[in-house]
Every structure is written in structure tokens, then in C-alpha cells.
Amino acid sequence: MNAPQAIIFDVDGTLAETERDGHRPAFNQAFAEHGLSWRWDEELYGRLLDITGGKERIRHFAEVAAPAIAARPDFNELVKKLHAAKTKYYVRLVEQGRLALRPGVASLIAEARRAGIRLAIATTTSPENVDALLRASLAPESPGWFEVIGAGDVVPAKKPAPDIYLWVLARLGLPASACLAVEDSANGLHSALAAGIPTVVTVGEYTAGQDFAGALRVLDNLQGQSLKAISS
Ligand code: XBP
Ligand code: MG
């Protein structure tokens with residue numbers, strides 16, 4: 001492809017490895033705060049990642065592993081409370097500087113900014129998580145570098161549905177073919193491809209072994225990658 005006019009980044013697994021030591025312990029802290037004995041270990045959490053979205057993941061787990069709780073009349077309220085607590089713990093952990101960017105991410109973003117290429121985010125995670133991660137791991141002012149941040153519940157259907165990418169494209173005012181998406185998972189790749197966006201995959205710790213058919217490139221990470229190298 002020609003040089004992209006915009007790069008649209010996924011967040012979790014792509015900008016940083018946030019899942020195993022970020023979202024997962026935050027979910028577990030939220031469960032403990034609410035007196036639940038649920039504990040998601042690394043292996044179980046890897047399987048639960050098939051369900052994108054934290055509220056959706058909690059709901060799915062309860063329906064399978066704790067149907068009596070899922071049948072409670074206040075279950076929707078419980079999911080909301082658990083997720084709000086989880087977000088609080090996750091942001092706290094990120095603000096402590098516990099999650100670093102993946103190799104090559106900061107330099108690709110810097111290169112794109114020098115070249116006047118527009119930046120955007122398309123993620124399933126909540127907006128406050130994106131803001132905290134960018135501030136703590138990239139630069140305090142870095143949320144402002146992203147012209148469009150599509151996150152969380154702005155669209156009802158989360159990845160692998162194309163909705164979040166279509167939402168971002170509409171706000172950028174660009175056709176899909178003028179953009180490049182960077183993703184780490186099959187769910188994310190399918191979302192971007194369904195929106196028609198050429199997509200580079202940087203394989204993550206939970207996504208190795210997934211099927212990335214259709215990706216423009218499949219890389220271990222962005223270390224040493226120029227914009228030209230990944231988009232040509
Ligand atoms: C990320 C997710 C998110 C996070 C949790 O997927 O699936 O659900 O694990 O975030 P992707 P919230 O990288 O494909 O966007 O709890 O804030 O929903
Ligand atoms: Mg991801």
C-alpha cells in the first residue's frame with residue numbers, strides 16, 4: 001500500500017501487554033472487593049480473552065461458572081459494580097507505572113508524528129484505561145496526539161465486529177484503504193479487516209498461535225520497524 005494517511009492502533013496487547021499483569025489482577029481485585037471467591041488464573045484468563053470487553057467477560061464467566069449468581073435479579077447491577085471496581089484497580093496499577101509499552105511502539109508513533117501521519121485508537125477497553133496507559137507509558141500529553149479515540153461502549157458490538165473501526169474511520173473522514181491498523185489478536189484483526197483496513201499484527205503473549213490470515217504483515221513486535229517497512 002501507499003504510505004497510510006492515518007494509523008489506527010489497538011491498545012490491549014498492541015501498545016502494551018496489559019492483560020496478564022494488568023486487567024487480570026484488576027478483575028481479581030474487584031471480585032475480592034465484592035466478596036466473590038472467583039479468581040482468574042493466567043491460563044483461564046487466556047481462554048476468557050475470547051470474550052472481548054470486560055463487562056461481557058464477567059457476564060460470560062458468571063453464566064458458565066456461577067449460574068446462581070447470574071440468575072440473581074440484581075445481576076446486571078453487580079456486573080456494572082464489578083466492572084467499575086475493576087477499572088479503578090486497573091487505572092491505579094497503570095498509574096504506578098507497572099505496564100510498559102511494547103518494543104518499537106513509541107518510535108513508530110514518533111516517526112508517524114514527524115511525517116504528519118494522523119493517529120487514532122480503536123479499542124474494546126474503557127476510555128479511562130486508554131487515557132491512563134497513554135499518560136503513564138508514552139507521555140503525559142500523549143492522549144492529545146490521537147485525533148480520534150474510539151473506546152469501550154461507544155459502539156454496542158465489540159471486536160471482532162467492525163463497528164469500532166467504522167466509528168473511527170467516520171470521525172477521521174478517511175476511507176479504510178488510506179489507513180493502517182495495528183492489532184495483536186485474531187479478534188482485533190477480524191474487526192479491522194471487516195472494516196476494510198489493511199492490518200499489521202504484532203503477536204502478543206496471549207495471541208501466539210492464533211490465525212492471522214489476511215494480515216498485511218505478522219510481526220513479533222515493532223522493534224526496528226519503520227513505517228515504510230510495515231506498510232509496504
Ligand atoms: C481488549 C479487551 C478488553 C480488556 C478489558 O481487546 O478485550 O476487554 O481486556 O477492558 P482489544 P475493559 O485489545 O481487542 O481491544 O474491562 O475496560 O472492557
Ligand atoms: Mg488487542
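Modeller: Accessible areas come from the Shrake-Rupley method with a 1.4 Å probe, and for residues only the protein chains shown count as cover. This is a predicted model, in which local features need pLDDT of at least 70, side-chain atom pairs count only at pLDDT 80 or more, and totals for chains, interfaces and linings use all residues. Residues are numbered from 1 along each chain as its sequence is written, chains are lettered from A and ligands numbered from 1 in the order in which they are written, and side-chain values use heavy atoms, with hydrogens and water left out.

Colleague: What share of the exposed area of the protein chain do carbon and sulfur atoms supply?

Modeller: The protein chain exposes about 10,000 Å². Of that area, carbon and sulfur atoms supply 51%.

Colleague: Which residues coordinate the magnesium ion (ligand 2)?

Modeller: Donors are N, O and S atoms within 2.8 Å of the metal (3.2 Å for Na, K and Ca); water is not among the atoms, so sites may look incomplete. The donor residues are spaced D-x1-D-x171-D in sequence. At 2.1 to 2.2 Å, the ion is coordinated by D10 (OD), D12 (O) and D184 (OD).

Colleague: Is D12 buried or exposed?

Modeller: Buried means under 20% relative accessible area, exposed over 50%, and partly exposed in between (1.4 Å probe, protein chains only). D10 has 4% and is buried. D12 has a relative accessibility of 12%, so D12 counts as buried.

Colleague: What percentage of the residues in the protein chain is buried?

Modeller: The protein chain has 232 residues. Buried residues make up 53% of them.
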